[in-house]
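The following note sets out points for a colleague reading this structure. They take up confidence, overall architecture, local details and the ligand surroundings in turn.

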Amino acid sequence: MALSKPFHKFNVKPWSRKWYGCEKYRWFSDEYFECLTRSYSATIYHPVGTAKMGPPDDPMAVVDPQLRVYGVKGLRVIDGSIMPKIVSGNTNAPIIMIGEKGADLIKGHLYPPVHVKPGYAPIPEYLKNPETEKNAVGGPLSKIGHLFGKFNFLKFG
Ligand SMILES: Cc1cc2nc3c(=O)[nH]c(=O)nc-3n(C[C@H](O)[C@H](O)[C@H](O)COP(=O)(O)OP(=O)(O)OC[C@H]3O[C@@H](n4cnc5c(N)ncnc54)[C@H](O)[C@@H]3O)c2cc1C
């Protein structure tokens, strides 16, 4: 990419230092890239999947689809570790969603409320009425709540 025409005007130069362990290969040769691919790996702070969710016949699964640990009563795992595979984007937002879903599961809500039309983002009650939610009063959440309340008709997706 860096060597492609559109990047010329930015004077972009690929990093010329050879990757450790791949010095013997010609820079940018197929062998060099193979060596780089095999020896360079990084988590960029996004490790997931150490307690994979999966069906009971999956020997690698740690939790079931309701995030309950197989073989242990009364224990759930609700964090990034339950992802069966890493997501293609950043991990924080999907993990917040896992947290929300896990909270619903604990409360016994397996499905979204029936009155929610498909395609509409459900708005939690405390966001619609921040006065009733002690922690949200005056805080940034209440402001978002008012905004959501105002634009409740917006369709998502
Ligand atoms: C430097 C950095 C930058 C990042 N940047 C981004 C980004 O820009 N965008 C993005 O989407 N993601 C980013 N991430 C990734 C994202 O922050 C994580 O994927 C996400 O926070 C993981 O959530 P989690 O709930 O699975 O785990 P964590 O957020 O790690 O939560 C684990 C919690 O468990 C607690 N804990 C640990 N052991 C115990 C114990 N024995 N008892 C009780 N509590 C315990 C910890 O204190 C912690 O609060 C970044 C991560 C890092 C480290």
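Two residues are in contact if their C-beta atoms, placed from the backbone, lie within 7 Å. In this predicted model, valine 62 touches Ala51, Lys52, Val69, Tyr70 and Val77, with residues up to four places away in sequence left out of the count.

1. Confidence. The mean pLDDT of the chain is 82, and 71% of the residues score at least 70. Among the elements of the chain, the highest mean value belongs to α1, at 94, and the lowest to helix α4 (residues 140–150), at 51. Over residues 151–157 the pLDDT stays under 50, and for this stretch the model has 7 contacts beyond four places in sequence. Where pLDDT is low, the predicted coordinates should not be read in detail.

2. Overall architecture. The secondary structure consists of 4 helices and 0 strands, giving the pattern α-α-α-α along the sequence. Of the 157 residues, 6% count as buried. Among contacts with a separation of 6 or more, 31% are between residues 24 or more positions apart.

3. Nonpolar core. Which residues make up the largest nonpolar core? The set comprises Met53, Val62, Val63, Leu67, Ile82 and Ile98, 6 residues in all. Val62, a member of this core, is the residue whose contacts were given above, Val69 and Val77 among them.

4. Helix α1 and serine 39. Helix α1 covers residues 30–39, and serine 39 lies within it. Is serine 39 buried or exposed? Serine 39 counts as exposed because it has 11 C-beta neighbours inside 10 Å, the limit for that class being 12 or fewer. Beyond its neighbours within four places in sequence, serine 39 is in contact with Trp19, Gly21 and Cys22. The C-alpha atoms of serine 39 and tyrosine 20 are 8.4 Å apart, with the two positions 19 residues apart in sequence terms.

5. Helix α2 and proline 94. Helix α2 (residues 92–106) has 15 residues and reaches 21 Å from its first C-alpha to its last, close to the 21 Å expected at 1.5 Å a residue. Proline 94 lies in this helix and counts as partly exposed, because 15 C-beta neighbours fall inside 10 Å. From proline 94 to aspartate 79, 15 residues apart along the chain, the C-alpha separation is 9.5 Å. After α2 comes glycine 108, with a positive phi near 85°.

6. Positive phi outside glycine. Most residues other than glycine have a negative phi. Phenylalanine 28 nevertheless has a positive phi of about 70°; this residue is found in the segment before α1 and counts as exposed, because it has 12 C-beta neighbours inside 10 Å. Tyrosine 45 likewise has a positive phi, of about 65°. Tyrosine 45 is found in the loop between α1 and α2, and with 8 C-beta neighbours inside 10 Å it counts as exposed.

7. Ligand surroundings. Which residues surround the ligand? They are Tyr45, His46, Asp79, Gly80, Asn90, Thr91, Asn92, Ala93 and Ile95. By class, this shell holds 5 polar, 3 nonpolar and 1 charged residues. Two residues discussed earlier recur here: Tyr45, which has the positive phi of about 65°, and Asp79, whose C-alpha lies 9.5 Å from that of proline 94.

Technical notes: Residues are numbered from 1 along each chain as its sequence is written. This is a predicted model: local features need pLDDT of at least 70, side-chain atom pairs count only at pLDDT 80 or more; totals for chains, interfaces and linings use all residues. A residue is near a molecule or strand if its C-beta atom, placed from the backbone, lies within 6 Å of it. Ala, Val, Leu, Ile, Met, Phe, Trp, Tyr, Cys and Pro count as nonpolar, Asp, Glu, Lys and Arg as charged, and the others, Gly among them, as polar. Helices (H or I, at least four residues) and strands (E, at least two) are DSSP runs, numbered from the N terminus. A residue is buried if 20 or more other C-beta atoms lie within 10 Å of its own, exposed if 12 or fewer, and partly exposed in between; C-beta atoms are placed from the backbone. The expected span of a helix is 1.5 Å times one less than its number of residues. A nonpolar core is a set of buried Ala, Val, Leu, Ile, Met, Phe, Trp, Tyr and Cys residues joined through C-beta atoms within 7 Å. pLDDT is the predictor's confidence in each residue, from 0 to 100.
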